[in-house]
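Opening a fresh page for this one. I wanted to look at the cysteines and at backbone angles that stand out.

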Amino acid sequence: MEKGKFGVQMMMLKGKVEELGAYETMRKIKGLGYHSVEVSQIPMTTENVSELKRASEDFRIEIAACSAALEPNMPGMPGETLATDFEKIVNDCKTLNCNFLRIGMLPLHLMGNKDKIMEFILKAEAMAERLAEHGIELYYHNHHIEFEKYDGETLLDIMKNNTSKIGFELDVHWIHRGGENPVDVINRFENRISLLHLKDYRIGHLDVTEEDLKERAKFWSKFTNVIEFAEVGQGSLDFTAVIEAGLKSGAQYFLVEQDDTYGRDPFECLKISADHLRKLGYADWF
């Protein structure tokens, strides 16, 4: 049977990298049984890149993907971008033996403006062509806002249908939050995905205080934001169906992610997810 590879989206471990360093964080990832990672929200300093490389070799952990912004997330915002730091980002990928690069989200100031978003996506398409010359594939990661519809078609589908080179890193929690069935979307994006984000979707506990009842706006804010990012198997998504659809549509790496762990240690969350994936019958994907 065809197999994919489970990995860790390191965004959820950025605090651990600050505390323990990249090398020791990777040692703990290996201890949980994961053998691939996606590097995101980890500063790509000389030291971190060097430690990631050393850990990758020592612990046999693949650097499946790295992250890069196409342009600043907000005008004037500092940080590396493909527009200004192309060679450095490409060199980091080469150092880490990484062939996938992903854009984590739309720049904040473009959100809600379809024309500007499409200009951005066409720039990303051109950048994908440029990166391909260096053997690197560029991917775009969705959230829920890409499921806004224009003349009956979701923004994410419009992005796909107006490009051919850029790929899509589909996030099943955000697809569900956007109002679609993740399996349907994964099927629609056949041959445009190599990277898939696995995180569950659950309703958290609604804690209502007397203050909330005095200020209705506070109550409604809590009421409408009770959705949580959950460990795999701790929510309502059908991960067997997601994984099988992902495999059929071309996904190679299935990356466990949790945007917020609500005070729980992220290594514990990653263990819960790994245990569930093994229980589903995918132990040999680790």
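**Cysteines, then odd phi angles**

I began with Cys93, which is buried at a relative accessible area of 1%. Worth keeping in mind throughout: this is a predicted model.

Next I asked which cysteine sulfur is nearest to that of Cys93. It belongs to Cys98, 4.6 Å away, and Cys93 is in no disulfide.

I then turned to Cys66. Is Cys66 buried or exposed? I got 3% relative accessibility, so I put Cys66 down as buried. Its closest cysteine sulfur is in Cys98, at 3.9 Å. A disulfide needs the two sulfurs within 2.5 Å, so the Cys66 sulfur is too far from that of Cys98 for a bond. My tally by that rule: zero disulfides.

On to the backbone. I looked up Asn191 and found a positive phi of about 70°, although this residue is not a glycine. Where does Asn191 lie? I traced it to the loop between helix 8 (182-188) and strand 9 (195-198). I also noted that Asn191 is exposed, with a relative accessible area of 66%.

Tyr262 went on the page too. Its phi is positive, about 55°, and Tyr262 is not a glycine either. I found Tyr262 in the loop that runs between strand 12 (253-256) and helix 12 (266-282). With a relative accessible area of 36%, I logged Tyr262 as partly exposed.

To recap my notes: Cys66 and Cys93 are buried, while Asn191 is exposed and Tyr262 is partly exposed.

Key. Residues are numbered from 1 along each chain as its sequence is written. This is a predicted model: local features need pLDDT of at least 70, side-chain atom pairs count only at pLDDT 80 or more; totals for chains, interfaces and linings use all residues. Side-chain values use heavy atoms; hydrogens and water are left out. Buried means under 20% relative accessible area, exposed over 50%, partly exposed in between (1.4 Å probe, protein chains only). Helices (H or I, at least four residues) and strands (E, at least two) are DSSP runs, numbered from the N terminus.
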